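Hi,

Here's the structure I promised to pass along. Have a look, and my notes are underneath.

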Amino acid sequence: MKPWKTSQSIHANLIRAPTIRSLYSPSISLPTSGLLPSENPISESTSQRTVSSNQLSGSSDFNPANDNLPTSENPQNSIVPSQSHVIDALMTLKHDPFSALKYYGRVEKQRGYTRSTESFCVLLHILMGSETRTRARHLLNRWVSGHQCTSAIFFMNSLIESAKRFEFGLDSRVFNYLLNSYVRAGRIEDAMYCFNGMIQNGIDLWVAYINVLFTALIRKNMIKEVPDLYGKMVVRGIDGDSATIHLLMRACLREGNAEEAEQYFWKARENGLQLDAATYSVAIVAACEKPNSNLALELLKEMKEMGWAPSEGTYTNVVVACVKQGNMAEALRVKDEMASCGRLMNLVVATSLMNGYCMLGNLESALNLFSEIKENGLSPNKVTFSVLIKGCCGLGNMEKASQLYDEMSNMGIQPSVHIVNSLIKGSLKTQAWEKAYELFDKAIESGIANVFSYNIMLSSLCKDGKVDEAHKLMSRMLNSGVMPSRASYNNVILGYCRQGDTDMADSVFSEMCGKGFKPNVVTFTILMGGYFKKGDTVRALDMYHEMVNLGIAPTDFTYNTVLNGLCKFAQTSVAQNMLKIFVEEEGFTPASMTYNIIMDGFVKEGSLDSALIVYNDMCQKGVLPNVVTYTTLIDGFCKSNKMDLALKMLNEMRSKGLELDVTGYTALIDGFCKRQDMESASRLFSELLEVGLSPNTVTYNSMISGYRNLGNMDAALTLHEKMLYQGIPCDLGTYTTLIDGLLKEGKLSAASDFYAEMLAKAIVPDTITYTVLVNGLCNRGQLENAREILAEMDKKGLTPNVLIYNALIAGYFREGNLEEAYRLHDEMLDRGLVPDDVTYDVLVNAKFRPNTDVPKAACS
């Protein structure tokens, strides 16, 4: 905005200003000759003449026929007065606005007369009398709309200077009329110049005209100007009215600034401004946009208490806000209140409520409401179908999702890519792979597939381990004209990292950078995780430093990934030192998860004292331990056979209002099972069920192993049956323990059945399982079967361990086949295995005993 010009000789500037076409005549001929009259153009007799309002009415603006001013009776032959003459004449009629108006109109009609801004400003000041103000406003409207070339600064300065020079005083009315005229003519910039000029010259602004200006600014999308002008008003002591606050709040909402809109509302209330229903409605919209449904509900209540009837739109906004914040009870109450006020539920409210039901997992209520609105004559739109289809897909009801999709198509509603993406995700979630690929291919053929469609498929393929196929899909993506996003590359990099293929992950990373995509903190964190998983801690830390050097700030997840990676590879002390650096140098604020990672690392390294030091440090720094914290320590004490300390930690945990989870119960059960205290283990197992928790495979394995160690295979087999009944999957540990127990009891047939069942479930035996089998068979004299197990291991590329050779050597010694026993010893050495004490006891002293330690290790 241009600064205002001040001048001591503005009158001279006005005289030199270019002339302007008359308001009263479309065209004017310039005078070719004529002298300016030397006499006073105003006679005493005419100076006191008054003109009634009736004389001013008619088709023409003025009728100077009866005026005795010095112009000729024939305007075509009259002498053209000078601007000074006109101003002098007007000043003579200063107290007779009607005569001044009539005179000015007559002069305007003279051929060759060119009107100056100064004379027009003098006329405006004269017309500010009570009976001629309306005429002045009309003249201003015509002047502003017809004289675009006259700048607001020039005209404002003319009004101000003429008021001072001719001692009219700065009458606020003429300036407010001018402000309004600029707005009416669409000259918004000039209106703002006028506004600022009035502020700077201490001229009172009329709130009604300010509101008109604010409305025009909002319509012109000049949003930022509104609070700026309002600030200048307030400095001058003009607070505006309810309409002003309403407009300010609307401007803020147009800019997406709900917080600032609310501030204007509360400030106005504090100042005691009487606010109306429209302003309250906008305040509710602001609260809903945040969203703050509680505030919206409170304001809605206030509106009703004041006797105002909230509009349908206001109710709709409140319902939507309640749903967004998961407050379905209030959303339904407001919907009912809306109906009680005679406002029928509209489609937006209905769709929002359906969305709320779906978010709560209550698909049945959402579908019932869908049927209800159709019965009431509401026609669902694309958004309604989108909400319901997404809800069905999220809750796994793909059959209903397909029905809704067909219904939408039959109504002629074209599915959006959002709907198709929901169907693809739902199909993948329910493992309907063919349907997902069919939908995806159709989306590509129809041209609606977007980057999100591809990313859904990329993520699914990578999770299924089909990372190479995902990588190829990215090429297809480019060929279809869809540019991969950073998320696309991150998905594929994550897939390769999960497979431990960091070389390919690096390759995709390079490809990503080559395409102009800058890696973000997610990209680097994924790569760090991949290197840690592979055991390459050096490269993982290099990636961390590279990320920091690029100015990419680590997240809490990044910090925890680094610390967890180090702890997994027995570098917990290094992790602890890095945590100190993260906190002191990088401003990281560790939460309970971070401390839990360090504690778990020390526990797994067998350093319980260090874990307890971390625990105490955590408590001293005000970080509250959680269930995982206590479970980690309880597990450590149980593994170290310090059950008294484990129970003490359990009591401390419960004293703080925390309860054990399945992992905690399992740790305690396993600890008691290892001590062969099956009574305590069984009591905890029953307690776990009583509190509503479900034991998992690890829990059952601990109990089965405990009974196996006591030789109580009946109890172990009963637990196995419970597992099957409850649908809890048996894993390799379960079968290995059962087979071991049955072989020890000589129940070879039952053991063989479990082994066959295990293989039928595609559970691959490991070295421990083979050790159990060979040991059990050898102890029962089944040497040929044991040798077959050894041959099976060779086929699978598994190297037998010392325990397997010891069992076979002892078995052949029992049968007196010393040659085969020594041959096995030599084979053992050829494989690079080092015989232990048991091996030499058998070979030298012919001492052999069943190896009972192996099965215990198998169940760890």
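Below are some notes on two helix pairs and the cysteines.

This is a predicted model, so local features need pLDDT of at least 70 and side-chain atom pairs count only at pLDDT 80 or more, while totals for chains, interfaces and linings use all residues. Residues are numbered from 1 along each chain as its sequence is written, and side-chain values use heavy atoms, with hydrogens and water left out.

First pair: the axes of H18 (residues 328-340) and H19 (residues 347-359) come within 11 Å and cross at roughly 155°. Helices here are DSSP runs (H or I, at least four residues), numbered from the N terminus; axes are lines fitted to C-alpha atoms over the stretch in contact, with angles from 0 to 180 degrees between N-to-C directions. That makes H18 and H19 roughly antiparallel (over 145 degrees). Met328, Ala331, Leu332, Lys335 and Met338 of H18 touch Val349, Leu353, Gly356 and Tyr357 of H19 (contact is heavy atoms within 4.5 Å).

Second pair: H27 (residues 486-498) and H29 (residues 521-534) have axes that come within 9 Å and cross at roughly 5°, so these two are roughly parallel (under 35 degrees). On the H27 side, the contact includes Ile493, Leu494 and Cys497; on the H29 side, Ile526 and Leu527 are among the residues met.

As for cysteines, the whole structure has 0 disulfides (cysteine sulfur atoms within 2.5 Å). The sulfur of Cys288 is 7.4 Å from its closest cysteine sulfur, in Cys322, too far for a bond. Cys288 is also buried, at 6% relative accessibility (buried is under 20% relative accessible area, 1.4 Å probe, protein chains only).

Cheers

Conventions:
Angles under 35 degrees count as roughly parallel, over 145 as roughly antiparallel, 65 to 115 as roughly perpendicular and the rest as oblique. Buried means under 20% relative accessible area, exposed over 50%, partly exposed in between (1.4 Å probe, protein chains only).
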